[in-house]
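User: Please choose one part of this model and take a close, careful look at it, explaining how its pieces are put together.

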Amino acid sequence: MEKKIIAIVGATGLQGKGVVNALIKEGAFKVRAITRNPNNYQGKADEVVQGDLTDPESLTNAFKDAHGVFVVTNFWEGADELAQGNIAVEAAKKANVNHFVWSTLPNVEKISNGRFDVPQFTGKAKVDDLVKKAGFANYTFVQPPCYFQNFTGELAPQQQQDGSIGWTLPIDPTKKVIHMADISDLGKVVAGVFLNPEKVGKGCYLSLATELNSFNDILNAFKANGKEYVFNQVPAEVFSSFFEGATAVAQLLAYFESYTYMGPNADTQIQMAKEISTEPFIPLNEWIKLNVL
């Protein structure tokens, strides 16, 4: 029997790559990578097709004959996530997609009654209703965590004023409020989703979180791997003056402190992600061993 096609939007990004790799490893589906520049694609997908979240026609064509689609938008590339989410939903409907999987995040505006402004979370959450109302036979929401990969990227330890290496941030380092995982592990959850539509295909939310850490836990994990870092807590208003965009980081961390990364009542969604996953998740300690020189 011919394998059903799963189409992955954002196949060259960290989330999409993880999904492609997990589906290929699992082997039950034919995997189609969707990217704006197919000629540059170097991943493991069975086929690659041109598609763009700002071009409805290209996306409808890219979803042709697909049983399922995984869609992620990129706030950091300046995406209008509501508009792009809408285009993806409409294209999937036109292509008669059976199972729509949307990479979303908690609605911070709603959770905090407008106290915190975290557009990279709330903007994705606002697409959820479009997915729910679209009438897909199956639809599922997955929520990515704070990536371990951030510690070799924008959250990498920096040299401090006294010459030490570490972090200066407006967050209490003793509070366990940061849900974390290797972002590649999201693929294991999404593969499990497409394999088990009867369990999670009617609007389930699955939150990837291998660990719930404080910054002290993060320091200890690095220390266990021979990396000694420092942590300085500063008030949000002081931090906000450090660099352009610092206010947005302060808002995000203040939201974490008040409600955790995944927001209140996320335990069931976290547990469900672990159960549906095709493989166990990698802990931070192991990830550091493998990825941090």
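Analyst: A definition is needed before we start: two strands are said to pair if DSSP finds at least two bridges between them. The model is a predicted one, and the part chosen here is an open sheet of three strands, together with the helix that lies across two of them.

For the setting, UniProt lists residues 2–270 under "domain: NmrA-like", in an unreviewed entry. Over residues 2–270, the chain is 36% helix and 22% strand, and the C-alpha atoms at the two ends are 33 Å apart.

The strands of the chosen sheet follow the order E8-E9-E13, and their pairing is mixed. Strand E8 (158–159) and strand E13 (230–233) are the edge strands, each of them pairing on one side only. As a general point, strands of a sheet pair through backbone hydrogen bonds, and they may do so either parallel or antiparallel. Both kinds can be found here when the two pairings are taken in turn.

Beginning with E8, two bridges join this strand to strand E9 (residues 165–169), and the two strands run antiparallel. Because the definition asks for at least two bridges, the two found between E8 and E9 are enough for them to count as paired. Gln 158 stands opposite Gly 166 in E9, while Gln 159 has Ile 165 of E9 as its bridge partner. E8 and E9 form a hairpin with five residues between the strands, and in this hairpin Gly 163 takes a positive phi near 95°.

On turning to E13, we find that four bridges join E9 to E13 and that these two strands run parallel. One of the paired positions is Leu 169, whose bridge partner in E13 is Gln 233.

The sheet also has a helix packed across it: helix H9 (residues 215–224) lies across E9 and E13, running at about 175° to E9. H9 has a helical partner too, since we can follow it to helix H13 (residues 284–291), where the axes of the two come within 9 Å and cross at roughly 45°. That angle makes H9 oblique to H13, because it is neither under 35 degrees nor over 145, and it does not fall in the 65 to 115 range that counts as roughly perpendicular. In this crossing, which is right-handed, H9 passes H13. From H9 the contact is made by Ile 218, Ala 221, Phe 222 and Ala 224, and from H13 by Leu 284, Asn 285 and Ile 288. Sorted by class, the residues of this contact are six nonpolar and one polar, with no charged residue.

Another sheet helps to place what has been described, for E7-E10-E12 is the order of an open sheet of three strands whose pairing is mixed. Strand E7 (146–147) and strand E12 (211–213) stand at its edges with a single partner strand each, so one side of each is left without a neighbour in the sheet. Three bridges join strand E10 (residues 178–181) to E12, and these strands run antiparallel; His 179, for its part, has Leu 212 in E12 as its bridge partner.

To return to the chosen part, the picture is of E9 joined to E8 in an antiparallel pairing and to E13 in a parallel one, with H9 lying across E9 and E13 and H13 in contact with H9.

Methods. Residues numbered from 1 in each chain as written. Predicted model: local features only at pLDDT ≥ 70, side-chain atom pairs only at ≥ 80, totals over all residues. Heavy atoms only, no water. UniProt positions renumbered as here; feature names shortened; annotations may be inferred. Contact = heavy atoms within 4.5 Å. Axes fitted to C-alpha atoms, helices over the stretch in contact; angles between N-to-C directions. Left-handed = near helix turned anticlockwise from the far one by under 90°. Nonpolar A, V, L, I, M, F, W, Y, C, P; charged D, E, K, R; others polar.
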